[in-house]
Amino acid sequence: MTRRLRFFNTLNRRLEDFEPIEEGQVLLYTCGPTIYDFPHIGNYRTFLFEDVLRRTFRLFGYGVTQVQNLTDVDDRTIQRANENAVSLREFTDGFATAFFEDLASLRVEPAEHYPRATDYIPEMVEIIKRLEAKGHTYRSDGSIYYRISTFPEYGKLSGVRPEKNLAGARVDVDDYEKENARDFVLWKAPKEGEPVWETDLGPGRPGWHIECSAMAMALLGETFDIHCGGVDNIFPHHENEIAQSEGATGCPFAHTWLHAEHLVVEGEKMAKRVGNFFTLRDLTERGFDPVVVRYLLISVPYRQRLNFTFDGLHVASQAIDRIANTLRRLENTPSSDGADGLLAGIERFGREFREALADDLNTARALAALHTLLRDVNSALDGEGISDAARDALGRSFDDADSVLAIFPRAAAGVGGDDAEIDVLIDERIAARKNKDFARADAIRDELAGKGIILEDTPHGTVWHRE
Ligand SMILES: [Zn+2]
């Protein structure tokens, strides 16, 4: 079976066959959240793309070491902690917990490491010292800056080339626009109201970009396979990470750079002032199951802009119901000896699902392959039935699909109890019909219908599904 995967590498601007540094292993760095607020659904679009990426590698037989950092010191976290008059750690801890809760409800497979920036200050200091020794830096008013003219490859990721006449021009803020390509801050001088670390560099605190360089190299090594983020990370954040890391080590930082496109809401840029800004909590409060949000966010291939709409959420919800109903029908239908007609569809699914994912994570095609399989299953249930052999093969296909997509129903507390109660009522209805007590049989059907449970009397017996 092929292990060949292709990705669009932002660094070289083309589709490339993935070649790991170490056979069968993937070293993956994914920029994590800045824990000063609840992440919005655009952030989760990126985090879910990364989840599908790591799950795809595992389906293809790779081992994965993923690092996702938590930015717990930067301009924004400090500002918000001060506004709330609590310590930086106390302030960010709450949002770290909320982030992990969101990941669990979105069924994100945990990364191997979740480093927090404030736990890696010595590693940051070490890189800055190496950069100083190689002449990539200068000091001004107690801060240390990266002189981008000393790194001729600056701009190779983003295509943003600094203008020659900007010598000496610099930025102190963590995030800035492309037109401001200039020397950026590595270490910030102490300032009223900001946390201070006493280090070999002098007192101060790190700039944002050096944090990811330090955590990535500390946990994955100086060179690793894949670095991911959203397209808005390409400049300045990832461009600066490359300049810092490769400037210090002299060797390539990440071989492959993957970036998820923007998400818009109902066709418009998401913004708090427009009222179309959503966190996961905003959606669950409106009654949407997080797995429905997951479905919608992974349904569009990561390099395409995703238009998030409430219609889209309803369509996602129906798609998930279709999976649940098919599984339910399957469970409630006895096997039919020799009914192997489904095996061809199962085989085709296995091929198409893997091909779609191997092609730069084409999740839309992977989902289409799954829905074709579900249609085939329902046709078989309407017709000749499904043999034990086909049922086993189908189970393996569903396991593969769910290992990457994670959208299948999960046994949850209470659900089993509900199902047992439904089965008791169905048995009672069968007994009533045998006794020609049709009034009682109809009453049971109506009672179940009131709970959204639809009964079907088939040649294979009575089966039920949710509306
Ligand atoms: Zn980062």
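Q: Where is threonine 309 found in this predicted model?
A: Threonine 309 sits in the loop between β14 and α9.

Q: Why is threonine 309 called buried?
A: Its relative accessible area is 15%, and buried means under 20%, so threonine 309 earns the label. Leaving out residues up to four places away in sequence, threonine 309 touches Glu266 and Leu296.

Q: How far apart are threonine 309 and aspartate 141 in space and in sequence?
A: From C-alpha to C-alpha they are 49 Å apart, with a separation of 168 residues in sequence.

Q: How do you know whether α9 reaches the length expected of it?
A: With 22 residues, α9 is expected to reach 32 Å at 1.5 Å a residue, and the distance from its first C-alpha to its last is 32 Å, close to that expectation. Its buried residues include Phe310, Leu313, Ile320, Ile323 and Leu330, and also Asn325, Arg328 and Arg329.

Q: How do you know whether the span of helix α12 agrees with its number of residues?
A: Helix α12 (residues 388-405) has 18 residues, which should span 26 Å at 1.5 Å a residue; the end C-alpha atoms lie 25 Å apart, so the two agree.

Q: Which helices do the buried residues of α12 pack against?
A: Their partners are α1 (41-59), α8 (290-298), α9 (310-331), α10 (343-358) and α11 (363-382). Among the buried residues of α12 are Ala390, Leu394, Phe398, Asp402 and Leu405. Just past the end of α12, alanine 406 has a positive phi of about 50 degrees.

Q: What makes Cys31, Cys212 and His237 donors of the zinc ion?
A: The atoms concerned are SG of Cys31, SG of Cys212 and NE2 of His237, at 2.1 to 2.2 Å from the zinc ion. A donor must be an N, O or S atom within 2.8 Å of such a metal, so these atoms qualify. Along the chain, the donors follow the spacing C-x180-C-x24-H.

Q: Why can cysteine 212 and histidine 237 be said to tie parts of the chain together?
A: Cysteine 212 belongs to helix α5 (residues 208-220) and histidine 237 to helix α6 (residues 234-249), so the pair links parts that are 25 residues apart in sequence. Both cysteine 212 and histidine 237 are buried.

Q: Why is aspartate 102 called buried?
A: Aspartate 102 has a relative accessible area of 3%; the cut-off is under 20%, so the name fits. This aspartate is part of helix α3 (residues 88-105).

Q: What makes the pair of aspartate 102 and tyrosine 44 a polar contact?
A: Their side chains are joined at 2.7 Å, and the limit for such a pair of N or O atoms is 3.5 Å. Beyond four places in sequence, aspartate 102 touches Pro39, Tyr44, Leu280 and Arg281.

Q: Why is lysine 188 called buried?
A: At 8% relative accessible area, lysine 188 falls under the 20% cut-off and is therefore buried. Lysine 188 lies in strand β8 (residues 183-188). A polar atom of its side chain is 2.7 Å from the backbone oxygen of aspartate 172. Its contacts beyond four places in sequence include Asp75, Ser143, Asp172, Pro203 and Arg205.

Q: What makes β12 and β13 a pair of strands?
A: Strand β12 (residues 263-265) and β13 share 2 antiparallel bridges; a pair needs at least two, so the condition is met. Valine 265 stands opposite glutamate 268 in β13.

Q: Why are β13 and β14 called edge strands?
A: The open sheet has 3 strands in the order β13-β12-β14, with mixed pairing. β13 (268-269) and β14 (306-308) each pair on one side only.

Q: How do you know which way β10 and β11 run, and how many bridges join them?
A: Strand β10 (residues 224-230) and β11 run parallel, joined by 6 bridges. One partnership sets phenylalanine 224 against alanine 254 in β11. Of the 7 residues in strand β11 (residues 254-260), 6 are buried.

Q: What makes β5 and β6 a hairpin?
A: Strand β5 (residues 137-140) and strand β6 (residues 143-146) are antiparallel, paired over 4 bridges, with 2 residues between them. Tyrosine 138 stands opposite tyrosine 145 in β6. In the turn, aspartate 141 has a positive phi of about 50 degrees.

Q: How many of the protein's residues, as a percentage, reach a pLDDT of 70 or more?
A: The figure is 96%, and the mean pLDDT is 93. Over residues 413-417, though, the pLDDT is below 50, and this stretch has 0 contacts in the model beyond near neighbours in sequence.

Terms used. Residues numbered from 1 in each chain as written. Predicted model: local features only at pLDDT ≥ 70, side-chain atom pairs only at ≥ 80, totals over all residues. Heavy atoms only, no water. Donors = N, O, S within 2.8 Å, 3.2 Å for Na, K, Ca; no water. Buried < 20%, exposed > 50% of the residue type's maximum accessible area, 1.4 Å probe, protein only. pLDDT = per-residue confidence, 0-100. Contact = heavy atoms within 4.5 Å. Polar contact = N/O pair within 3.5 Å; in protein donor to acceptor, adjacent residues only side chain to side chain. Expected span 1.5 Å × (residues − 1).
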